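Here are my notes on the model, point by point. Please read them with the coordinates open.

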Amino acid sequence: MNQLSHSNIGDDADSWKTLMFIYNSALKEVGTKLEILNDEFQHVHQYNPIEYIKSRIKSPQSIVKKLKRNGYESSIANMEKYINDIAGIRIVCSFTSDIYRMAEMIGKQNDLTVVSVKDYIKHPKESGYKSYHMLITVPIFLSDRVVDTKVEIQIRTMAMDFWASLEHKIYYKFEGNAPGYISEDLKECSEIVSMLDDKMLSLNEAIIKAKEEQEKQMNFNS
Ligand code: 0O2
């Protein structure tokens, strides 16, 4: 990606605005792609793998905080280089199987480059956090150049999203120093969330099977 400037964030208002414009454009590009994939899936399989999509640009305060947490100075160059989730998209699916289906469809898009994948579903974080993360780049075509722009895609089920949202609030309430028993309880809740996801997935499979058998029976009788 073209580097914009090495000045301090806030010192160079033009570079900041240009960068934000590019990240916003990346969110639009990827958002449209995801909608098309979802619509196509509905068209072919009469089923929507995506419940909803949320996108956001990381706030300047969170960017500065993350740079500091990782030991970097607050500069535009550092934020472009080290902060991967300035543009973030969250895809919330019904079932765990939809997550991998979505990830595969995203990976097959020729104009997107998958930079890295973190599977916190197969390998949950110490906190109990579960989600599937893909860091991708999307080319943004400007009038005089093409800028490959990073977007972090988080894919999770509604239950995982529910857990992560609450955990995030609690984490911020205690500024990362939640009492041990609260962290333990949260971890236990994350296991309950996994059980719920597994149960809902097998229930869905049972529903599909029962429906197919019912249709077969109806065809046989007619
Ligand atoms: P916020 O406030 O949500 O934006 P990398 O981005 O790969 O260089 P990082 O940031 O450690 O390194 O990547 P990771 O682990 O993939 O986490 C990125 C984001 O995932 C976080 O962004 C959170 O949104 C989410 N996340 C990761 N771990 C947890 C967790 O334990 N609980 C919750 N609720 N969310 C988590 P930020 O910038 O840390 O936070």
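1. Start with a term. A molecule sits in a pocket if more than half of its atoms lie within 2 Å of the grid points of that pocket. By that test, the ligand sits in the largest pocket. Keep in mind throughout that this is a predicted model.

2. Which elements give two or more residues to the shell around the ligand? They are α2 (60–69), β5 (146–157) and α5 (158–173). Helix α5 provides the largest share, with four residues.

3. The shell has 18 residues around the ligand, and those that come nearest are K58, K66, K118, S127 and E167. Sorted by class, the shell holds nine charged, five polar and four nonpolar residues.

4. Three side chains deserve a look for polar contacts. E167 places an N or O atom of its side chain 2.7 Å from a nitrogen atom of the ligand. E167 is also on the list of residues that come nearest. For N84, the distance from a side-chain N or O atom to an oxygen atom of the ligand is 3.2 Å. For D85, the corresponding distance, again to an oxygen atom of the ligand, is 3.3 Å. On area, the ligand taken alone exposes 740 Å², and the protein buries 77% of that.

5. Now the fold. The protein chain contains six helices and five strands. In sequence order the pattern is α-β-α-α-β-α-β-β-β-α-α. The C-alpha trace spans about 75 × 50 × 20 Å along its principal axes. Of the 222 residues in the protein chain, 39% are buried.

6. Is L34 buried or exposed? L34 belongs to helix α1 (residues 13–45). Its relative accessibility is 2%, so L34 counts as buried, since the cut-off is under 20%. L34 also pairs with a residue distant in sequence. I106 is 72 residues away along the chain, yet the C-alpha atoms of L34 and I106 are 8.0 Å apart in space.

7. Check the backbone at Q46. Most residues other than glycine have a negative phi. Q46 is not a glycine, but has a positive phi of about 50°. Q46 is located in the loop between α1 and β1 (50–57). With a relative accessible area of 60%, Q46 is exposed, because that value is over the 50% cut-off.

8. What lies 3.2 Å from a polar atom of the side chain of Q46? The backbone oxygen of H43 does. As for separation through space, the C-alpha atoms of Q46 and M200 are 19 Å apart, and these two residues are 154 residues apart along the chain.

9. N48 is in the loop between α1 and β1 as well. Its relative accessible area is 34%, so N48 is partly exposed: the value falls between the 20% and 50% cut-offs. N48 and E126 are 78 residues apart along the chain, and their C-alpha atoms are separated by 31 Å.

10. To recap the two main items for follow-up reading. On the ligand side, look at α5, which gives four residues to the shell, and at the E167 contact of 2.7 Å. On the backbone side, look at the loop between α1 and β1, where Q46 lies with its positive phi.

Conventions:
Residues are numbered from 1 along each chain as its sequence is written. This is a predicted model: local features need pLDDT of at least 70, side-chain atom pairs count only at pLDDT 80 or more; totals for chains, interfaces and linings use all residues. Side-chain values use heavy atoms; hydrogens and water are left out. A residue is near a molecule or strand if one of its heavy atoms lies within 4 Å of it. A polar contact is a pair of N or O atoms within 3.5 Å; within protein, one must be able to donate a hydrogen and the other to accept it, and residues adjacent in sequence count only if both atoms are side-chain atoms. Accessible areas come from the Shrake-Rupley method with a 1.4 Å probe; for residues, only the protein chains shown count as cover. On a 1 Å grid over the protein atoms alone, a cavity is a set of points where a 1.4 Å probe fits but cannot get out, and a pocket is an open set with protein on both sides within 12 Å along at least five of seven lines; lining residues have an atom within 4 Å of a point. Ala, Val, Leu, Ile, Met, Phe, Trp, Tyr, Cys and Pro count as nonpolar, Asp, Glu, Lys and Arg as charged, and the others, Gly among them, as polar. Buried means under 20% relative accessible area, exposed over 50%, partly exposed in between (1.4 Å probe, protein chains only).
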